[in-house]
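Subject: Structure handover

Hi,

Here's the structure I promised to pass on, with my notes underneath. Have a look at the coordinates before you read on.

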Amino acid sequence: MKFALDWIADFLSETPTPETARDLLDQAGLPVESAEEAAGGGTIFDVEITPNRPDAMSHRGLARELSAMCGATMAPEGKDLLLPPGSGDPVESLASVVIQVPRLCRRFGALLLLGVDGAAAAPDRVRARLTAIGGHPISAPVDATNYALWSVGQPLHAFDFEKLSGGILLVRRARKGETLVTLDGVVRRLEPSDVVVADAERAVSLAGIMGGLDTAVTASTRVVLLEAAWWDPVTIRKTARRLGMHTDASHRFERGADVSAIPGALNLAANLILEAAGGTLAPGLLDARGTPLKRRRASLRLSRLQLLAGDDRLTLEFAEAALARLGFLPERRGRRLAVEIPLGRPDVRMEDDLVEEVLRVWGYDNLPSRLPPATAPGRQLEPRRILEDNLADGAVAAGLYESVGYPFVDRAAQEGPFAPWLEASGMGAPLSVSNPLDDTRPALRATLLPGILDALSANARHGRRTAALFEIGRAFGRRKGDPDDPPSLESRRMAFGLAGEARSHWSSAGSGRAFDFFDAKGLVERLLEPWLSPESLRWKPALLDGFARGAAAWIEGEAGVLGVAGLVSRGEREKRSLPDASFAAELLVDRLPLSPRSAAFAAYSSFPPIEADLTFSHDRALVWGDVEALLRAGEWKGLESFDVIDRYQGPTPGEGPLKTTVRLVFRSGERTLSQEEVNRERDRLAADLRERFGVEF
């Protein structure tokens, strides 16, 4: 696109030299492909503007970029951008605008000029500037609309008001089979997907692309209606491509125009017409509104800015000033900026986009060229990531394969069975996606469990009913998160699933034994052992619809709930066609210690052990964790270890007391124990169990 430097200078307090302006535009990411001398003097730049920068497709837009790059101030808006004085009847009594498609036309503005000379020529400076950038002056009304487009970036159209039936402009969809003769003399056959501007009888303009020939301004025109609007980019793009039309207006509307530029563009064009063609302005502005555009906001953290830039010289003060010069509205909030994004910048949506804007002003050439520090090649310095890598290594060593689950879910259908777990792990309301790839999965996942079960199901459907999988990833929720601090909405998780036959080793054949709860429990303890000793973990019964009753447990440590594990419920197994022996678990990586626990060597005893079995009957409500706590807390002389070796449920499962057999191993590091000493400690322990829990022997 071609731009005149003296035209750009109208918006700057100081006029830069051509060399300076060219360097600054290159820094801004708007490279100047060529510079040439205009016929009447001055410099013309041919600037390469990417499709995501519609705000830079005007002389005012380039002036704003130059101002931001060099720190200069923008010149105050001239009187040309102010509404000229009017006289006579107000415009509302002479014309009206109705928007029937409020999402496709968010704003429609119009001014009415009476008694103009349609044959008058535009002022010399207007014709000279349009000619310099490749335009072809026609008449004062037409040239005024083109001048406003290239000056402030807002396309306009001029109607001969006396040719509009009913004095009304109606923004609507085209009717099936409706036709319109556009300004280029071509008959266009319209579709209902097209948007048109119509009067009381017919379509008079193809919205955002080209006006109609029947209502065009001519030498005989005496009343001009100027319109400027905001049109939906997708609709304009589809219509323009279908009809094979590409205009200066459609080029901008397809990429996203600035809705706030409408009044200034109308005022500028009206002032130029009144200056050259005479006439008066009907007082007031017709300003019809469709569905309001949402103000977009993003947060910029100093830590993120310095991290991506690799330069700790960058400050929030500089970022705030740079964004303000670019037209953003930043507000300081501690060590971050809360930024309101201009409506004319559709390319800026998130924090990293703001970082890019600041770095454009800072200058990429000013960033240091150095490698980031590293303790070893490929080493991750983020502590929690190291922990995740070690967990993954442990899972692979245990024979599990890693899977990657889909991050989008239907919260109620897929995560509803695990609602108590979501509550215990701190997940609040779901984080929904405004434009989901799949309407059936509109929310980000709050747990990895459905994903790991889906992976087991996929294996089962493909004939592999024995599988052991794990995933390390993120879950998302709103409970304690701050929208301005995205990582606070995330929770680091590890989940695994076991289905089918257990194997003693990943390379061995099946054992013929199905997985059971203790396989899942043992795997949890094995994975967490580098950070937490198995003895420090507490296993408590858990009730979740996603797990079978009586076969699921909360995993607790000093930091609170660390995870959940259990047998997948019958309903979930049937829904996913999983084997009966299907177990799953999920761990909260955020609640694990960052540093591995210290290890100390204890010398093995050279003396033989003595085993003693203790069988007792107890109520089903007795939790093994309580028995284990008693065994560990008591001072039992010579007790080296203990384990459950049998558990008898009786002839009717689920009813009556249970019988549990515990094997006690006694050993001394100083001498061989006698059977009498072992029996005495065993009996003392049995008495404690009877007194504390009411067990029977």
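To start you off: which residue in β7 is the bridge partner of Val98? It's Leu170. Before I go further, please keep in mind that this is a predicted model.

**The five-strand sheet**

That pair belongs to a stretch where β4 (residues 96-99) and β7 (residues 168-173) run parallel, joined by four bridges. On to the next pairing: β7 and β10 (residues 195-198) are also linked by four bridges, but there the strands run antiparallel. Two of the residue pairs there are easy to pick out, with Val171 standing opposite Val197 of β10 and Arg172 standing opposite Val196 of β10. As a reminder, side chains in a regular strand alternate between the two faces of the sheet.

Zooming out, β4, β7 and β10 are part of an open sheet of five strands, and the order is β4-β7-β10-β11-β12. The pairing in this sheet is mixed. At its edges you'll find β4 and β12 (210-211), each of which pairs on one side only.

If you follow the chain on from β12, you come to the loop between β12 and β13 (223-231), and Ala219 lies in that loop. Setting aside neighbours within four places in sequence, Ala219 is in contact with Asp117, Gly118 and Ala119. Ser139 is another residue to check here: it is 80 residues from Ala219 in sequence, yet the two C-alpha atoms are 8.2 Å apart in space.

**Two helices with a buried face**

Take α6 (residues 233-243) first. Its buried residues are Pro233, Thr235, Ile236, Thr239, Ala240 and Leu243. Looking down the axis of α6, these fall within an arc of 165 degrees, so they line one face of the helix. On the other side of α6, Lys238 and Arg241 are exposed. What do the buried residues of α6 pack against? The partners are β9 (187-189), β10, β11 (203-206), β13 and α7 (248-253). Two of those, β10 and β11, are strands of the five-strand sheet above. Just after α6 comes Gly244, with a positive phi of about 65 degrees.

Then there's α10 (residues 316-325), where the buried residues are Leu316, Ala319, Ala322 and Leu323. Down the axis of α10 they sit within an arc of 125 degrees, so here too the buried residues line one face of the helix. The cover over them includes β16 (296-301), α9 (302-309), β17 (329-333), β18 (336-341) and α11 (351-362). Just after α10, Gly327 has a positive phi of about 100 degrees.

**The seven-strand sheet**

Further along the chain is an open sheet of seven strands, again with mixed pairing. The order is β19-β22-β23-β27-β26-β25-β24. Why is one side of β19 (401-402) and of β24 (538-541) left without a neighbour in the sheet? Both stand at the edges and each has a single partner strand, so nothing in the sheet flanks the other side. For β19, pairing with β22 (residues 467-476) is parallel, over two bridges. Within that pairing, Tyr401 stands opposite Leu469 of β22.

One backbone angle you may want to look at is in the loop between α17 (570-576) and β27 (582-588), where Ser577 is found. Phi of Ser577 is near 55 degrees, which is a positive value in a residue other than glycine. Ser577 is partly exposed, with a relative accessible area of 43%.

**The cavity**

How many cavities of 30 Å³ or more does a search of the whole structure find? Just one, with a volume of about 30 Å³. It is lined by Leu614, Phe616, Val627, Leu631, Val662, Leu664, Leu685 and Leu689. The elements giving two or more residues to that lining are β28 (610-618), α18 (624-633), β30 (658-666) and α19 (675-693). By class, the lining has eight nonpolar residues, no polar ones and no charged ones.

That's everything from my side. Shout if anything is unclear.

Cheers

Terms used
Residues numbered from 1 in each chain as written. Predicted model: local features only at pLDDT ≥ 70, side-chain atom pairs only at ≥ 80, totals over all residues. Heavy atoms only, no water. Buried < 20%, exposed > 50% of the residue type's maximum accessible area, 1.4 Å probe, protein only. Arc of directions from axis to C-beta. Contact = heavy atoms within 4.5 Å. 1 Å grid on protein atoms, 1.4 Å probe; cavity = no way out; pocket = protein on both sides within 12 Å on 5 of 7 lines; lining within 4 Å. Points joined across faces, edges and corners; volume = space filled by probe spheres on them. Nonpolar A, V, L, I, M, F, W, Y, C, P; charged D, E, K, R; others polar. Pairing = 2+ DSSP bridges.
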